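Thanks for sharing this one. Here are my notes, point by point, to read with the coordinates open.

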Amino acid sequence: MNEGNKRSNIQIGNQVKIVQKQDQQSGKLTEGIVGKILTNSQNHPHGIKVMLEDGTVGRVKEIL
């Protein structure tokens with residue numbers, strides 16, 4: 001299981017790679033710092049949704 005699927009693994013300030021909604025087909029990842037955690041549930045099969053400090057929203061694929 002990918003570590004980005006568990007909310008407990010993600011903290012504000014973590015360096016992560018996310019996939020944005022429009023990039024799900026291509027799998028293109030965007031790197032940044034978590035500013036806000038948007039998913040309330042403990043687990044999500046496609047990754048926890050976060051907002052990066054620059055305002056980009058996506059699901060966590062990798063924690064760096």
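**Notes on the model**

1. Let me begin with a strand pairing: E3 and E4 run antiparallel and are joined by three bridges. Within this pair, Val-50 has Gly-58 in E4 as its bridge partner. Please bear in mind throughout that this is a predicted model.

2. The hairpin of E3 and E4 has four residues between the strands. Have a look at the backbone of Gly-55 there, as this residue takes a positive phi near 95°.

3. E4, which covers residues 57-63, also pairs with E1. These two strands run antiparallel, with four bridges joining them. Ile-63 in E4 is the bridge partner of Val-16.

4. Which residues form the largest nonpolar core? There are nine of them: Ile-10, Val-16, Ile-18, Val-34, Ile-37, Ile-48, Val-50, Leu-52 and Val-60. Strand E1 (15-19), E2 and E3 are the elements that give two or more residues to this core. As background, nonpolar side chains in soluble globular proteins tend to be buried together. Val-16 and Val-50, whose bridge partners in E4 came up above, both belong to this core.

5. Val-34 is a good residue to centre the view on. Leaving aside neighbours within four places in sequence, Val-34 is in contact with Ile-10, Val-16, Val-50 and Leu-52, among others, and these four are also members of the core. The contact list of Val-34 further includes Gln-11, Ile-12, Gly-13 and Asn-14, as well as Met-51 and Glu-53.

6. Where does Thr-39 sit? Its place is in the loop between strand E2 (30-37) and strand E3 (49-52). Is Thr-39 buried or exposed? Thr-39 counts as buried because its relative accessible area is 9%, and the cut-off for buried is under 20%. A polar atom of the Thr-39 side chain lies 2.7 Å from the backbone nitrogen of Lys-49. Beyond its neighbours within four places in sequence, Thr-39 is in contact with Arg-7, His-44, Ile-48, Lys-49 and Arg-59. Of these, Ile-48 is also part of the nonpolar core.

7. Finally, the charged pairs. Side chains of opposite charge can pair when their charged atoms come close. The count here comes to one salt bridge, in which the side chains of Lys-28 and Asp-23 meet at 3.8 Å, N to O. With the cut-off set at 4 Å, you may want to keep that distance in view. Asp-23 counts as buried because its relative accessibility is 9%, whereas Lys-28, at 47%, counts as partly exposed.

Methods:
Residues are numbered from 1 along each chain as its sequence is written. This is a predicted model: local features need pLDDT of at least 70, side-chain atom pairs count only at pLDDT 80 or more; totals for chains, interfaces and linings use all residues. Side-chain values use heavy atoms; hydrogens and water are left out. Buried means under 20% relative accessible area, exposed over 50%, partly exposed in between (1.4 Å probe, protein chains only). A polar contact is a pair of N or O atoms within 3.5 Å; within protein, one must be able to donate a hydrogen and the other to accept it, and residues adjacent in sequence count only if both atoms are side-chain atoms. Contact means heavy atoms within 4.5 Å. A nonpolar core is a set of buried Ala, Val, Leu, Ile, Met, Phe, Trp, Tyr and Cys residues joined through side-chain atoms within 4.5 Å. Two strands pair if DSSP finds at least two bridges between them.
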